[in-house]
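This report sets out selected local features of one protein chain, for reading alongside its coordinates. Backbone geometry is treated before packing and burial.

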Amino acid sequence: MSAYLSNPRVWQESWDRQQEAFLHDREERFAAMLEAVAATTEGGAPKVLDLAGGTGTISLRVLARFPGARVTVLDQDPVLMAIAEASLRERGTVVDADLGDPGWRAKLPEDGFDAVLTATALHWLPAERVAALYGEIREVLRPGGIFANADHMPEESLPTLSEKLRDHGRAEREARYASGAATSWSDWWARAAADEFLAPRAAERERIYPGTRHHQEWTPPALWHVDALRVAGFSEAGVLWRGGTDAAVVGLR
């Protein structure tokens with residue numbers, strides 16, 4: 001087995017391209033979150049927790065935007081964490097923790113974060129766990145810190161249009177897959193499983209995430225998240241960004 005991941009930059013790029021087939025405005029949500037971080041840190045180098053951060057996508061953008069930032073990536077996926085570690089090296093910390101377990105905070109090397117950011121991840125958790133998690137996230141933020149969650153959050157007042165947007169997006173993705181313009185989710189994971197370094201981590205991933213587990217997406221409207229953030233004790237909560245059937249909500253501690 002190879003002792004290191006070759007070309008982590010290429011793996012990051014392939015992950016980005018695969019994800020952009022799902023989310024054509026992916027960078028826009030990241031930009032909105034980073035703008036909120038800039039506004040609440042007043043030019044300082046922020047301390048950011050990249051929650052369910054996968055390959056460190058958000059962390060890499062934080063480091064590019066804010067030289068001197070301190071980033072922590074928290075995830076449970078062995079494949080994605082390996083890519084994150086190879087990409088960040090000494091520039092950040094990668095923590096293995098399950099957000100389904102309320103004890104996840106004990107694995108953090110520190111707290112008092114300026115921002116906790118997450119994208120397209122928490123829809124795998126059930127409603128009651130997300131609601132509890134919002135309260136736990138608040139506790140690792142400094143006073144005045146922010147939490148932002150960008151995910152599938154349809155506009156409840158536009159049910160017909162939302163359905164049409166989803167159908168249109170699905171058709172566009174399938175056309176891109178068929179033409180070879182984009183790599184599908186399943187193809188990307190097959191390639192990771194064929195990599196000498198990532199293969200054992202892909203096998204471990206199969207044990208952590210049985211094939212049936214990632215079929216229970218829960219995607220309530222943004223208003224549900226805003227209400228849950230307020231109940232969790234955030235002093236302010238609202239929609240920071242919207243793009244079609246996706247949105248980013250933000251809470252201010």
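## Backbone: positive phi values

Ala52 is located in the loop that runs between S1 and H3. In this predicted model, the phi angle of Ala52 is near 50°, a positive value in a residue other than glycine. Its relative accessible area is 22%, and because the partly exposed class begins where the buried class, under 20%, ends, Ala52 is counted as partly exposed.

A second such case is Asn7, whose phi is near 55°, again positive in a residue other than glycine. Asn7 belongs to the segment before H1. Most residues other than glycine have a negative phi.

## Helix H3 and its surroundings

How much of H3 is covered? The helix is mostly covered, with seven of its nine residues buried. These buried positions are Thr57, Ile58, Ser59, Leu60, Arg61, Val62 and Leu63.

The elements that cover them include helices as well as strands. Among the helices are H1, H2 (26-41) and H4 (78-88). The strands include S1 (47-51), S2 (70-75) and S4 (113-119).

## Packing of H1 against H3

One of the elements covering H3 is H1, and the geometry of this pair can be described further. Helix H1 spans residues 8-22 and helix H3 spans residues 57-65; they pack at an angle of about 110°, and their axes are 11 Å apart. The angle falls within the range of 65 to 115 degrees, so H1 is roughly perpendicular to H3. The two helices cross in a left-handed sense.

On the H1 side, the contact is made by Gln12, Trp15 and Asp16; on the H3 side, these meet Thr57, Leu60 and Arg61. Sorted by class, the contact of H1 with H3 comprises two nonpolar, two polar and two charged residues. Thr57, Leu60 and Arg61 also appear in the list of buried H3 residues.

## Aromatic pairs around Trp15

Trp15, which takes part in the contact with H3, also takes part in ring pairing. The count of aromatic pairs comes to nine. One of them joins Trp15 and Trp185 in a tilted arrangement, 6.0 Å centre to centre with 55° between the planes. Trp15 is in helix H1 and Trp185 is in helix H7 (residues 185-194), so this pair ties together parts that are 170 residues apart in sequence. The two partners differ in burial class: Trp15 is buried, at a relative accessible area of 7%, whereas Trp185 is partly exposed, at 34%.

Trp15 also pairs with Trp189, here edge-to-face, with 6.1 Å between the centres and 80° between the planes. This pair again links distant parts of the chain, with Trp15 in helix H1 and Trp189 in helix H7, 174 residues apart. Trp189 has a relative accessibility of 11% and counts as buried. Ring pairs connect Trp11, Trp15, Trp185, Trp188 and Trp189 into a cluster.

## Packing of H5 against H9

Helix H5 (residues 127-140) and helix H9 (residues 222-231) pack at an angle of about 45°, and their axes are 8 Å apart. H5 is therefore oblique to H9. The crossing of H5 past H9 is right-handed.

Which residues form this contact? Ala127, Val130, Ala131 and Tyr134 in H5 meet Trp224, His225, Ala228 and Leu229 in H9. By class, the contact of H5 with H9 contains seven nonpolar residues, one polar residue and no charged residue.

## Two buried positions: Val249 and Ser162

Val249 is part of strand S7 (residues 246-252) and, at 0% relative accessibility, is buried. Leaving aside residues up to four places away in sequence, Val249 touches Phe147, Ala148, Asn149, Met153, Ala222, His225, Val226, Leu229, Gly238, Val239 and Leu240. His225 and Leu229 also belong to the H9 side of the contact with H5. The C-alpha atom of Val249 is separated by 22 Å from that of Asp16, a residue 233 places apart along the chain.

Ser162 is found in helix H6 (residues 159-179). With a relative accessibility of 5%, Ser162 counts as buried. Residues up to four places away in sequence again excluded, Ser162 touches Pro154, Glu155 and Thr245.

Methods:
Residues numbered from 1 in each chain as written. Predicted model: local features only at pLDDT ≥ 70, side-chain atom pairs only at ≥ 80, totals over all residues. Heavy atoms only, no water. Axes fitted to C-alpha atoms, helices over the stretch in contact; angles between N-to-C directions. Helix = DSSP H or I, 4+ residues; strand = E, 2+ residues; numbered from the N terminus. Parallel < 35°, antiparallel > 145°, perpendicular 65-115°, else oblique. Left-handed = near helix turned anticlockwise from the far one by under 90°. Contact = heavy atoms within 4.5 Å. Nonpolar A, V, L, I, M, F, W, Y, C, P; charged D, E, K, R; others polar. Phe/Tyr/Trp six-rings, centres within 6.5 Å; stacked < 30°, edge-to-face > 60°. Buried < 20%, exposed > 50% of the residue type's maximum accessible area, 1.4 Å probe, protein only.
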